[in-house]
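Trainee: Could you take me through one part of this structure in detail? I would like to start with a single helix pair and then see what surrounds it.

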Amino acid sequence: MIERQIAIGHRMGLHARAAAKLVQLTRRYKSEILLSRTDLNSGGGNSSEADARSILAILLLAAGHGSTVAVRATGADEAEAVDCICEYLKG
Amino acid sequence: MSSSERILHGITVSSGAAIGHAVRAFDPLFISLNLRISAEEVAGEVARFRESVEKSSGQLRRMQAQLKRRNAEESSFLIDAHLLILQDRLFVDRIIAKIESDRINAEWAIQQVTDDLCEAYDRLEDDYLRERRGDLDDIVRRLLHNLQSKHMPPIGKLPYDAIIVGRSIPASALFELRSRHIAGLVTETGSSLSHTAIMARSMEIPTVMGVADLPEISSGALLVVDGGEGIVIVSPSAETLARYGEIATQAKISRRLAAAAASRPCATEDGVRIYLGANINFSEEIQAAAECHSEFIGLYRTEFDFFREGSRHDEKSLTADYCSVVKAAKAMPVTFRTIDVGTERNTLETMNPSLATRGLRFCLENQDLFRAQLGALLRTSVKGSVRILLPFVSSIDDLDLALAIIADVKKDLSRRKEPYAPDVPIGVMIETPAAAQTCDLMASRVDFLCLGTNDLIQYYLVIDRSDQSTAHLYNPFHPAILRCLNQVHTLLEPGGKPITVCGEMAADPASAAVLLGLGFKSLSVSLGAYPRMRQTMSSMNHGRLRELACEILKMQKPAEIESMVRTSIGLQPSHHP
């Protein structure tokens, strides 16, 4: 299992377009990939873990620009998956 | 002359005017039968649900293929999001689990899962994300219809001038309707951020959303939709119809005619030069303004593009956006009004959003956004003729603060060796009573002024235009307004700073006549009204209007004033009581 924290760099946060792209990216990997917000003391948003393959769950994270999320991947290609997802989330 | 005409107020979503007959849309979430099923039926029910998912995906993929051929990339992405929801385990797997565990039919399971998800969306604090539940509603509607294994509701029999009216119109319904001519859209829910709004703009369908009194519109009713002003007129009077008929035809057909007239400078019958510009809400409208041969863009309300989906708010991206605007504008100078976050985005937090943090107040509280926008506008100033307009200014202190920020942004650009025109004209919007009373003080600090009559009238007469109980009191011929306008003109005259009137008053022949009479010579009107106003100007006699203004300033009653103005410029008397 590999976990890494990253700040969302997309100007609009993980909005529909960015979330759709993210879900499409996760399809390249076999690992289970989960996202969770790690900055929730500071306001609204959803604290539960989101399956990165679920566009509805990703949108419900309400991860705006600058919010931080933990990306956790478990599986054969976990290292590549975390690298690729974090690279994308950086914006 | 009395009329049963009624005006319903909503929010501007997609500009343009349309006349047509209301077609009530089906409720997207129709009620289906909720049934319990036996253990033996579970497998069959799950299969029925999966079939409906497959069928829905197939429809969406076909739609996407068509859109790709038409290079409608923006729209194609919306379909992507719908397809991803149909593949989403959080959605599909949970529905199947519900069918299996609760032994209920697919329709019921879909509703339960959707209700849970919608509740979660409704708890979000982000306006934009809350709007995304619209995508979910849209998918659910499709699934439910496909479960019935019938076709989607027939849409082939729409009248040519159909104005679709519904609680909410899903974006995908617009795709399905795209081959038909739709004259306009009116909805109760939704905002300019919804996918339906984005689609309506790209399809150039005049649209008003957030109309509270939809039940008052029955199917088949004659309607006027004025997307630019965010109003719907039910059972319009003959006069209103004539006015909008002219706007609609002229906007469509006689842009060329207007263009021919526009090769001459705009002037009154007695040769007084009038400067006539166009107001736009979206950058795409620049093209139409150019086709009308508008002399300048008197007001570009940047917040509509700013808060559009996928738009980026850093200085660099905004610079690219604004450079393409001035490039498209060619010779027309463009007045960029910095973002005026108005009432729409505030409604949930404040009792009285029109009196809360909006316009310049919002910019000063969100200086990162403000600075990025100012930086971008200054950088654009070397590529074309840019004027920067500050909205909703209510005190000299706020204005000074804003001017200091502009100076600071300039310094920062110089440090970064980014070129900008040092003398970019800065203007203030005069649209609050405070600004009207102190316009001479403000004028001494800036290069130009813009008179926003819509808000000014609202604040002067203490009327909330979105409130049905007071909307009818909104009257530009009220003596308080005439005195205010006269005072503004008098206060500004010695300083000689140019002022453009850009509210609805400038776009109506009778109230525009009053403006000319009071001495205003620069007007900016919505695109729909441009060709008509261009012609109206050449039929007006400035000398006579000056005399008329002196007369009406002595009068006491709005109805008498309006009737006198209309008679003297050769219009039918008004239908107002």
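Mentor: Happy to. In this predicted model, look for helix H4 (residues 106-122) of chain B and helix H6 (residues 133-147) of chain B, whose axes come within 11 Å and cross at roughly 180°. Angles over 145 degrees count as roughly antiparallel, and H4(B) and H6(B) are therefore roughly antiparallel to each other. On the H4(B) side, the contact is made by Ala106(B), Glu107(B), Ile110(B), Thr114(B), Leu117(B), Cys118(B) and Tyr121(B). H6(B) meets them with Arg133(B), Leu136(B), Val140(B), Leu143(B), Leu144(B) and Leu147(B). If you sort the residues of this contact by class, you get 10 nonpolar, one polar and two charged.

Now let us turn to the sheet in the same chain. Chain B has an open sheet of eight strands in the order E1-E8-E7-E3-E4-E5-E6-E2, and its pairing is mixed. Strand E1 (6-9) and strand E2 (11-14) of chain B are the edge strands, each pairing on one side only. On average, neighbouring strands of this sheet are turned by 30° against each other, with direction ignored.

Strand E4 (residues 162-166) of chain B is a good place to pause. Five of its five residues are buried. On one side of E4(B) you will find Ala162(B), Ile164(B) and Gly166(B), and on the other Ile163(B) and Val165(B), so to speak a strand with both faces covered. E4(B) also has a partner on either hand in the strand order. Strand E3 (residues 17-24) of chain B runs parallel to E4(B), joined by four bridges, and here Arg24(B) stands opposite Val165(B). Strand E5 (residues 184-187) of chain B is likewise parallel to E4(B), again with four bridges, and Ile164(B) stands opposite Leu185(B) of E5(B).

Follow E3(B) to its other partner and the direction changes: E3(B) and strand E7 (residues 222-226) of chain B pair in the antiparallel sense over five bridges. In that pairing, His21(B) stands opposite Leu222(B) of E7(B).

Ile163(B) from E4(B) leads us on to the nonpolar core. The largest such core has 185 residues, and those that touch the most other members are Ala19(A), Ile55(A), Ile58(A), Ile163(B) and Leu515(B). Helix H22 (residues 509-518) of chain B supplies the largest share of this core, seven residues.

Since that list includes residues of chain A, let us look at chain A as well. Chain A has three helices and four strands, which follow the pattern β-α-β-β-α-β-α along the sequence. Of its 91 residues, 45% count as buried. Among the contacts in chain A with a separation of 6 or more, 72% join residues 24 or more positions apart. Ala19(A) is a nice case to click on: leaving aside neighbours within four places in sequence, Ala19(A) is in contact with Leu14(A), Ile55(A), Ile58(A) and Leu59(A).

Finally, see where the two chains meet. The contact takes 18 residues from chain A and 22 residues from chain B. On the chain A side, helix H1 (16-26) and helix H2 (55-60) are the elements that give two or more residues, and H2(A) gives the most, with five. By class, this side of chain A has 10 nonpolar, four polar and four charged residues.

Technical notes. Residues numbered from 1 in each chain as written. Chains lettered and ligands numbered in written order. Predicted model: local features only at pLDDT ≥ 70, side-chain atom pairs only at ≥ 80, totals over all residues. Contact = placed C-beta atoms within 7 Å. Nonpolar A, V, L, I, M, F, W, Y, C, P; charged D, E, K, R; others polar. Buried ≥ 20, exposed ≤ 12 C-beta atoms within 10 Å, placed from the backbone. Pairing = 2+ DSSP bridges. Axes fitted to C-alpha atoms, helices over the stretch in contact; angles between N-to-C directions. Parallel < 35°, antiparallel > 145°, perpendicular 65-115°, else oblique. Core = buried A, V, L, I, M, F, W, Y, C linked by C-beta atoms within 7 Å.
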